[in-house]
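Thanks for asking me to look this one over. Here are my notes, in the order in which I would go through the model with you.

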Amino acid sequence: MTEVLRPAGPADVDALMALRTEAEGWLKDKDTDQWNDTETGTRAIAKWRATIDDGRTWVVVDTGTGETLATVSRGPADRDFWTDADVLESGLHLYKLIVSRSASGRQLGARVVDWMSRLAALEGRDWLRIDTWRTNTGLHRYYEQLGFKHVRTEAPAHRLSGWMAQRPAGELTYPEALLAVSGAGSRGTSH
């Protein structure tokens, strides 16, 4: 199986929604309240389309089957959590990392994080940053195993995310298993 990371396009929206729906079910079975208020319909599709149109979402596909195995997005610092004191421009902010259950056990999530970490370094940033669901301690442990250090937890009343962590840009968990990248074009993501 050959996995390739590429920018997402409008034709990927259905596959992204399927990944999200699968993740919602899996999380429910893991006894976490993350994403239990499922985003469905036009609101979720509009959010995916906006990140796709902005060139901020990528997918990992199996080149043999065409199956979408994972997705990740980047975005601006979430101002509900990160502040000017965090030196916002020093971090690349990773969002919506979702891996298909069919790709479980292949370290695909970690390899996507490694790609984002390399991208952060190439952009001259100091950190790869995340904010995750506050109550999902299993997810916190996962990211800590990938080298992320907890920065702090913010708990605005209108949000359920807020466990914030970062790892040095350029740090790799699986340097021997880097993802192949294609079709980045002028977006500067082929590094």
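What share of the 191 residues in the chain is buried? Buried residues, meaning those under 20% relative accessible area (exposed is over 50%, partly exposed in between, with a 1.4 Å probe and protein chains only), make up 47% of the chain.

1. Ground rules. This is a predicted model, so local features are taken at pLDDT of at least 70 and side-chain atom pairs at pLDDT 80 or more, while totals for chains, interfaces and linings use all residues. Residues are numbered from 1 along each chain as its sequence is written, and side-chain values use heavy atoms, with hydrogens and water left out.

2. Confidence. The mean pLDDT (the predictor's confidence in each residue, from 0 to 100) is 85 for the chain, and 83% of the residues score at least 70. Among the elements, strand β6 (residues 149-153) has the highest mean, 97, and helix α2 (residues 41-53) the lowest, 74. Please take care with residues 185-191, where pLDDT stays under 50; the model has 14 contacts beyond four places in sequence for that stretch, a contact being heavy atoms within 4.5 Å. Where pLDDT is low, the predicted coordinates should not be read in detail.

3. Overall layout. The chain has four helices and eight strands; these are DSSP runs numbered from the N terminus, with helices as H or I of at least four residues and strands as E of at least two. Along the sequence they follow the pattern β-α-α-β-β-β-α-β-α-β-β-β. Of the contacts with a separation of 6 or more, 68% are between residues 24 or more positions apart. The chain exposes about 9300 Å², and carbon and sulfur atoms supply 50% of this area, computed by the Shrake-Rupley method with a 1.4 Å probe, where for residues only the protein chains shown count as cover.

4. The sheet. Eight strands form an open sheet with mixed pairing, in the order β6-β7-β5-β4-β3-β2-β1-β8. β6 and β8 each have a single partner strand and stand at the edges, so one side of each has no neighbour in the sheet. Strands count as paired if DSSP finds at least two bridges between them. At the β6 edge, β6 and β7 pair in the antiparallel sense over four bridges, with Q166 in β7 as the bridge partner of K149.

5. The β3 region. Why is strand β3 (residues 68-75) described as largely enclosed by the rest of the structure? Eight of its eight residues are buried, so that description follows. β3 pairs antiparallel with strand β2 (residues 57-62) over five bridges, and A70 is the bridge partner of V60. β2 and β3 form a hairpin with five residues between them, and G66 in the turn has a positive phi of about 80°. Another five bridges join β3 to β4 (residues 91-99), again antiparallel, with H93 in β4 as the bridge partner of G75.

6. Helices on the sheet. Helix α3 (residues 108-122) lies across β1, β2, β3, β4, β5, β7 and β8, at about 160° to β4. Helix α4 (residues 137-145) also packs on the sheet, touching β4, β5, β6 and β7, and its direction makes about 165° with that of β5. Axes here are lines fitted to C-alpha atoms, for helices over the stretch in contact, and angles run from 0 to 180 degrees between N-to-C directions.

7. Residues to inspect. T57, in strand β2, is buried at 1% relative accessibility. Its side chain makes polar contacts (N or O atoms within 3.5 Å, one able to donate a hydrogen and the other to accept it; residues adjacent in sequence count only if both atoms are side-chain atoms) with the side chains of T51 at 2.6 Å and S73 at 2.7 Å. M116, in helix α3, is buried at 0% and touches residues including W58, V72, S73 and L128. H93 is buried at 3%, and its contacts include W82, L88 and R129.

8. A loop residue. Y174, in the loop between β7 and β8, is partly exposed at 25% relative accessible area. Beyond its neighbours within four places in sequence, Y174 is in contact with Q107, A110, R111 and D114.
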